[in-house]
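Here is a short tour for anyone who likes to know the cut-offs behind each number. Have the coordinates open beside you and follow along.

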Amino acid sequence: MDVERVFHMSGGVGKTSYAQNSSLQKKASDMMKHITIETIQQLYHEVTAKSLGIADLGCSSGPNSLSLIKDIVEAVEGCCHRAFRPLPEFRVFLNDLPTNDFNSVFKTLPDFYRDLKKDKTERCPAIFIAGYPGSFYGRLFPNNCLHFIYSSYSLHWLSKVPPSLYNEQGKSINRGNVYISESTPPSVSRAYWNQFQDDFSLFLKSRSEELVTGGRMVLIILGRIGHDHVDRGNSFFWEILSRCLAISVSQVPHCLV
C-alpha cells in the first residue's frame, strides 16, 4: 500500500470527521502545552530573528493545529512586550500527507485571524500560513529555514507497512489479528520496531538540515510504560475493533468467480 497516496484522516467537519473526533489529541497537546510554550519562549530569547519559521508536521484537518499556532504567537507576543522588542513575522507551514483535507483548515483562517485581533489595542503580527503536503519521512523544506518544529500524535504512523510482516508466501505472520495481541509472535513487534527506527532516524536527519542553528523541536509521541510488546492499556479497544471487523467481513455476501 502506498501510504503517502492513500492515507489520511477523515476530512470535512461532519460527525465522523477528524475535526469532530480529535478531542483525545487535543487533550495530549494541552497536557504538553507548558513545554511547548516554554520551548518557544527560550527559542525567541536565544535566537534573534525578524521572521520565525514554524512547522506543524502532521497537522491533519481539525482545529487543533491553528489552536497551537495561536498559542505560539501569543507566547512570542508576551516575550516581545516584556523585552520591549518589535514583533517578528511568522511563517507557518502546515504539513501532512497530500491526501489531507487542507481546505478545511484554510476555511477556518478568517476566524483564526479574527480571534487573534480580538481585544488587542496594538497591531497584530504578520502571520503567513501555508499548506505543505508531503511525507515528513524525508526532506520537506530548504536548508536552515525553520526555527521551531512541532509534531503531536503523528510519528507513530510509519512510512510503510514493515515488509517482514509477511512470510515467503506473502501471508501475514500475525494471522487472526489486526493489532499486536498476546498471540502475536515477537517477530511482529520487532518488525514494527525496526521500521520505526529507520523512519525516525530519517525524520531526525531531515529536520536537522531544515532547522537553523539553535532551533527547537517539540515531539509528542505515543508510547507504553513497560517493555512488553503487548500494549495492555489499549488492547481492549483494539480487541473491540478486531471483533467488529470480523463480524463485518462475515456478513459480506460471498461471490463465486
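## The cavity lining

The six-way split of the lining is a good place to begin: the residues around the largest cavity divide into two nonpolar, two polar and two charged. In this scheme Ala, Val, Leu, Ile, Met, Phe, Trp, Tyr, Cys and Pro count as nonpolar, Asp, Glu, Lys and Arg as charged, and the others, Gly among them, as polar. The lining residues are Ser 29, Lys 33, Thr 36, Ile 37, Leu 68 and Asp 71. Two elements, helix 3 (33–46) and helix 4 (64–83), give two or more residues each to this lining, and the largest share, three residues, comes from helix 3.

A search of the whole structure turns up one cavity of 30 Å³ or more, and the volume of the largest cavity is about 40 Å³. On a 1 Å grid over the protein atoms alone, a cavity is a set of points where a 1.4 Å probe fits but cannot get out, while a pocket is an open set with protein on both sides within 12 Å along at least five of seven lines; lining residues have an atom within 4 Å of a point. Points are joined across faces, edges and corners, and a volume is the space filled by probe spheres set on them.

## Ground rules and overall layout

This is a predicted model, in which local features need pLDDT of at least 70 and side-chain atom pairs count only at pLDDT 80 or more, while totals for chains, interfaces and linings use all residues. Numbering starts from 1 along each chain as its sequence is written, and side-chain values use heavy atoms, with hydrogens and water left out.

The chain has eight helices and five strands, arranged along the sequence as α-α-α-β-α-β-α-α-β-β-α-β-α. Helices (H or I, at least four residues) and strands (E, at least two) are DSSP runs, numbered from the N terminus. The C-alpha atoms fill a box of roughly 70 × 35 × 35 Å along the principal axes. Of the 257 residues, 40% count as buried; buried means under 20% relative accessible area, exposed over 50%, and partly exposed in between (1.4 Å probe, protein chains only).

Contacts, meaning heavy atoms within 4.5 Å, reach far along the sequence: among those with a separation of 6 or more, 80% join residues 24 or more positions apart.

## Helix 7 and its cover

Helix 7 (residues 186–210) offers a neat geometry check. Its 25 residues should span 36 Å at 1.5 Å a residue, and the end C-alpha atoms are 36 Å apart, which agrees. The expected span is 1.5 Å times one less than the number of residues.

Buried residues of helix 7 include Gln 195, Asp 199, Phe 203, Ser 206, Arg 207 and Glu 210. An α-helix has 3.6 residues a turn, so residues three or four places apart point the same way. The cover over the buried residues of helix 7 includes strand 1 (51–57), strand 4 and strand 5 (211–220).

## A buried histidine

Is His 147 buried or exposed? With 8% relative accessibility, His 147 counts as buried. His 147 sits in strand 4 (residues 146–152). Beyond residues up to four places away in sequence, the partners that His 147 touches include Leu 43, Val 47, Arg 91, Leu 211 and Arg 216.

## The second largest pocket

The second largest pocket has a volume of about 200 Å³. Gly 62, Pro 63, Leu 66, Val 105 and Thr 108 are the closest to its centre among the 14 residues that line it. Helix 4, helix 5 (102–107) and helix 6 (109–117) are the elements giving two or more residues to the lining, which divides into six nonpolar, five polar and three charged residues.

Pro 63 also has a partner to look at: Ser 23 is 40 residues away in sequence, with 9.9 Å between the C-alpha atoms. Ser 23 belongs to helix 2 (residues 23–31) and is exposed, at 60% relative accessible area.

## Loop residues

Asn 100 lies in the loop between strand 2 (89–96) and helix 5, and is buried at 8% relative accessible area. Outside its neighbours within four places in sequence, Asn 100 contacts His 8, Cys 59, Ser 60 and Ser 61.

Phe 84, in the loop between helix 4 and strand 2, has a positive phi near 55° without being a glycine. Phe 84 is exposed, with a relative accessible area of 76%.
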